[in-house]
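Biologist: Please take a close look at one helix of this model and at what surrounds that part. A connected account would serve me better than a list.

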Amino acid sequence: MGFMARSADIDMGKAKAGICASCHGADGVGLSPLYANLAGQKAPYLVKQLQNFKAGNRTDPTMNIFAKQLSDEDIENLAAYYESLPAGGKSAEKVEPKQTKPSETEPSKTEKNKK
Ligand code: HEC
């Protein structure tokens with residue numbers, strides 16, 4: 001967790017995530033196909049999306065409302081919390097920091113995916 005140089009606080013994020021869990025699941029896995037999985041998602045991406053929702057640059061009636069209630073600090077903490085959860089959820093007890101190969105998580109594949 002030390003690699004997140006900023007003051008993101010996973011425990012604070014967890015404390016804030018209570019409301020989010022009713023849709024995104026206690027383990028960060030969406031409870032319906034329309035509710036995004038957040039577990040294991042990269043924190044900077046989550047921060048960006050939440051800032052976009054907050055600013056109205058990304059429109060979703062539900063998320064716009066929730067994001068507007070979050071401070072920048074809340075957003076950083078929530079992002080750090082969800083990033084710390086195992087992708088796919090369920091195995092929340094055995095949180096072992098897994099070494100993922102950069103090639104598996106590299107965003108360049110999708111980002112450079114021109115139509
Ligand atoms: C009432 C249900 C609901 C609640 C509560 C809720 N969300 Fe969401 N969330 C959604 C939906 C639906 C989407 C998909 C929006 C879209 O289609 O653009 C979403 C999308 C997101 C995304 C973008 C995911 C992605 O992959 O782009 C993030 C991040 C997010 N929510 C975080 C949160 C956080 C943090 C909270 C608590 C503060 C929260 N949500 C509470 C329903 C909810």
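**A covered helix and its surroundings**

Modeller: Ile10 counts as partly exposed because 19 other C-beta atoms lie within 10 Å, whereas a buried residue needs 20 or more. The model is a predicted one, and Ile10 belongs to its helix α1. This residue leads to the part you ask about: Ile10 and Asn77 are separated by 67 residues in sequence, yet their C-alpha atoms are 5.6 Å apart in space.

Asn77 is one of the buried residues of α5, the helix that spans residues 72-84. From first C-alpha to last, the 13 residues of α5 reach 19 Å, close to the 18 Å expected at 1.5 Å a residue. Helix α5 is mostly covered, with 10 of its 13 residues buried. Besides Asn77, the buried set includes Ile75 and Glu76, then Leu78, Ala79 and Ala80, and also Tyr81, Tyr82, Glu83 and Ser84. In the protein as a whole, 24% of the 115 residues count as buried. The cover over the buried residues of α5 includes α1, residues 10-16, and α3.

Helix α3, residues 43-55, also packs against α4, residues 61-68. Their axes are 7 Å apart and make an angle of about 95°; α3 and α4 are therefore roughly perpendicular to each other. On the α3 side of this contact stand Leu50, Phe53 and Lys54, and they meet Met63, Asn64, Ala67 and Lys68 of α4. By class, the residues of this contact comprise 4 nonpolar, 1 polar and 2 charged.

The ligand brings α3 and α4 into the account again. Its shell consists of 18 residues, of which Cys20, Cys23, Ala36, Gln49 and Asp60 are the closest. Two or more residues of that shell come from each of α2 (21-24), α3 and α4. The shell divides into 13 nonpolar, 4 polar and 1 charged residues.

As for the overall setting, the protein has 7 helices and 0 strands, and its pattern along the sequence reads α-α-α-α-α-α-α. Among contacts with a separation of 6 or more, 66% join residues 24 or more positions apart. The pair Ile10 and Asn77, 67 residues apart in sequence, links this setting back to α1 and α5. In summary, α5 is mostly covered, α1 and α3 are among what covers its buried residues, and α3 in turn packs against α4 and contributes to the shell around the ligand.

Conventions: Residues numbered from 1 in each chain as written. Predicted model: local features only at pLDDT ≥ 70, side-chain atom pairs only at ≥ 80, totals over all residues. Helix = DSSP H or I, 4+ residues; strand = E, 2+ residues; numbered from the N terminus. Buried ≥ 20, exposed ≤ 12 C-beta atoms within 10 Å, placed from the backbone. Contact = placed C-beta atoms within 7 Å. Axes fitted to C-alpha atoms, helices over the stretch in contact; angles between N-to-C directions. Parallel < 35°, antiparallel > 145°, perpendicular 65-115°, else oblique. Nonpolar A, V, L, I, M, F, W, Y, C, P; charged D, E, K, R; others polar. Near = placed C-beta within 6 Å. Expected span 1.5 Å × (residues − 1).
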